[in-house]
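Got your viewer open? Set it to cartoon view and keep the selection box handy.

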Amino acid sequence: MTALHTDPTADWAVEAEGLVKTFGTNRAVDGVDLRVASGTVYGVLGPNGAGKTTTINMLTTLLRPDGGSARIFGHDVVRSAQVVRQLIGVTGQFASVDETLSATENLVIFGRLLGLSRPAAHAKATELLERFGLSEAARRPLKKFSGGMRRRLDLAASLIAQPPLIFLDEPTTGLDPRTRGQMWDTIRELVASGSTVVLTTQYLDEADQLADRIAVIDRGRVVAEGTADELKASVGTSSLQLRVEDPADTALALRAVEQVLGVRAALSPEASRLTAPMADADRVAELLITLRDAGVHLAEMSVQKPSLDEVFLTITGHDATDQSATAPEQKQEVPA
């Protein structure tokens with residue numbers, strides 16, 4: 001294969017400025033800025049419909065941006081699309097494989113399409129199947145694979161050309177906890193061997209475990225960006241969680257939190273649990289007295305260090321898995 005004039009150890013694997021994509025009247029991506037350092041895992045976090053997949057499709061040349069620009073290792077995704085495609089691997093939410101063929105046959109086909117000789121393609125397929133714990137199922141038709149095995153095979157296919165940058169679009173969706181853990185280990189190994197990974201997910205624990213930096217996307221925009229610790233610190237050193245006994249008292253509780261703590265509480269989807277950043281724990285007693293005087297009875301109360309769940313709820317006002325918060329992303333046609 002032809003060597004590319006690029007430096008995979010450059011400071012920025014991905015640079016995006018003001019990316020925009022519209023589908024009819026829906027502005028699915030509305031001015032996204034991203035910078036991904038080489039040799040890191042970068043998490044793109046948000047609910048379904050937030051614009052994550054549309055953003056990835058523009059960065060991987062599958063969709064042409066309607067506005068803004070993006071570069072992969074310095075190469076423009078529109079003007080140098082062919083070069084960019086040789087620098088990346090993409091694992092989407094659904095595997096592009098032939099159900100009737102075996103794992104080995106699928107990987108060999110991918111290898112041949114990427115320009116490998118037949119012996120080289122077979123050798124690469126064997127190596128990847130062993131790496132992903134699929135050697136024993138190498139001859140089995142894919143229609144007999146479990147969901148976790150399919151996800152691992154799809155990731156293996158994206159690594160045939162050993163790209164310096166790998167996009168993983170919700171790679172663990174639908175997997176059981178054990179298989180998710182295996183995928184996490186694989187992602188860590190990829191970065192340890194020198195790759196850069198851009199990971200989209202709606203699982204807050206996944207971003208917390210894997211990502212060096214995280215962009216929180218909501219309604220087509222980056223609403224927060226930083227390390228997991230920076231994002232948690234942005235909503236306070238600790239958070240207060242309250243659940244009122246009577247949901248009808250929620251408005252009173254919200255006003256009391258704002259009056260006493262000087263912050264706005266975020267409301268959970270069930271509309272009875274409030275989460276508020278809390279810098280001064282001594283004021284909790286004053287809040288409890290205010291709630292009692294207002295006739296608001298609490299079913300639960302806790303004070304804890306903030307998690308990414310609290311970060312997302314505080315920043316966006318809704319849960320990270322709340323699919324009703326945004327319209328679903330439009331179905332996109334991939335250009336030939």
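Here is a walk through this predicted model, one selection at a time.

**Stop 1: the whole chain**

Begin with everything shown. The protein chain carries 11 helices and 14 strands. Half buried, half not, is a fair first impression: of its 336 residues, 50% count as buried. Turn on a surface and you get about 16,000 Å² of accessible area, with 49% of that belonging to carbon and sulfur atoms. If you like contact maps, take the contacts between residues at least 6 apart in sequence: 70% of them join residues at least 24 apart.

**Stop 2: the antiparallel sheet**

Now color strands E1, E2, E4 and E5. These 4 strands make an open sheet with antiparallel pairing, in the order E2-E1-E4-E5. Which strands stand at the edges? They are E2 (26-37) and E5 (75-76); each has a single partner strand, so one side of each is left without a neighbour in the sheet.

Zoom in on E1, residues 12-23, and its partner E2: the two are antiparallel and share 9 bridges. Two pairs are good to show as sticks. Glu15 has Arg35 in E2 as its bridge partner, and Leu19 has Val32 in E2. Follow the backbone round the turn and you'll see that E1 and E2 form a hairpin with 2 residues between them. Gly24 sits in that turn, with a positive phi of about 65°.

**Stop 3: helix H1**

Select residues 52-59. This is H1, which packs on the sheet and touches E1, E2 and strand E4 (67-72). Its direction makes about 120° with that of E1. Is this helix enclosed or open to the outside? Of its 8 residues, 8 are buried, so H1 is largely enclosed by the rest of the structure. That list includes polar names as you read along it: Lys52, Thr53, Thr54, Thr55 and Asn57 are among the buried residues, as are Ile56, Met58 and Leu59. Step past the helix to Thr61, where phi is positive again, near 75°.

**Stop 4: the mixed sheet**

Next, pick E6, E7, E8, E3, E9 and E10. In that order they form an open sheet of 6 strands, and the pairing is mixed. At the edges are E6 (88-91) and E10 (221-226), each paired on one side only. From one strand to the next, the twist averages 15°.

For a parallel pair, look at E7 (residues 165-169) and E8 (residues 196-201), joined by 5 bridges. Leu168 stands opposite Leu199 in E8.

Two helices are worth adding here. H5 (residues 147-158) packs on the sheet, where it touches E6 and E7, and its direction makes about 165° with that of E6. H6 (residues 177-192) lies across E3 (41-45), E7 and E8, running at about 150° to E8.

**Stop 5: Arg151**

Stay with H5 and show Arg151, which is found in that helix. Buried or exposed? Arg151 is buried: its relative accessible area is 8%, and the cut-off for buried is under 20%. What lies by its side chain? The backbone oxygen of Pro171 is 3.0 Å from one of the polar atoms there.

**Stop 6: the nonpolar cores**

Switch to side chains. The largest nonpolar core has 46 residues, and those with the most contacts inside it are Val41, Leu107, Phe145, Leu153, Val197 and Ile214. A second core, separate from that one, has 29 residues and includes Val44, Ile56, Val77 and Phe167. As background, nonpolar side chains tend to be buried together in soluble globular proteins.

Center on Phe145. Leaving aside residues up to four places away in sequence, Phe145 touches Ala103, Leu134, Ala137, Arg140, Arg150 and Leu153.

**Stop 7: Leu101**

Last selection: Leu101, in the loop between E6 and helix H3 (103-113). With a relative accessible area of 22%, Leu101 is partly exposed. Measure from its C-alpha to that of Arg140 and you should get 7.9 Å, although the two are 39 residues apart in sequence. Arg140 is one of the residues Leu101 touches; Asn106, Ile109, Pro141 and Leu142 are others, again not counting residues up to four places away in sequence.

Methods: Residues numbered from 1 in each chain as written. Predicted model: local features only at pLDDT ≥ 70, side-chain atom pairs only at ≥ 80, totals over all residues. Heavy atoms only, no water. Pairing = 2+ DSSP bridges. Axes fitted to C-alpha atoms, helices over the stretch in contact; angles between N-to-C directions. Contact = heavy atoms within 4.5 Å. Buried < 20%, exposed > 50% of the residue type's maximum accessible area, 1.4 Å probe, protein only. Polar contact = N/O pair within 3.5 Å; in protein donor to acceptor, adjacent residues only side chain to side chain. Core = buried A, V, L, I, M, F, W, Y, C linked by side-chain atoms within 4.5 Å. Areas by Shrake-Rupley, 256 points an atom, 1.4 Å probe, with all protein chains shown as cover.
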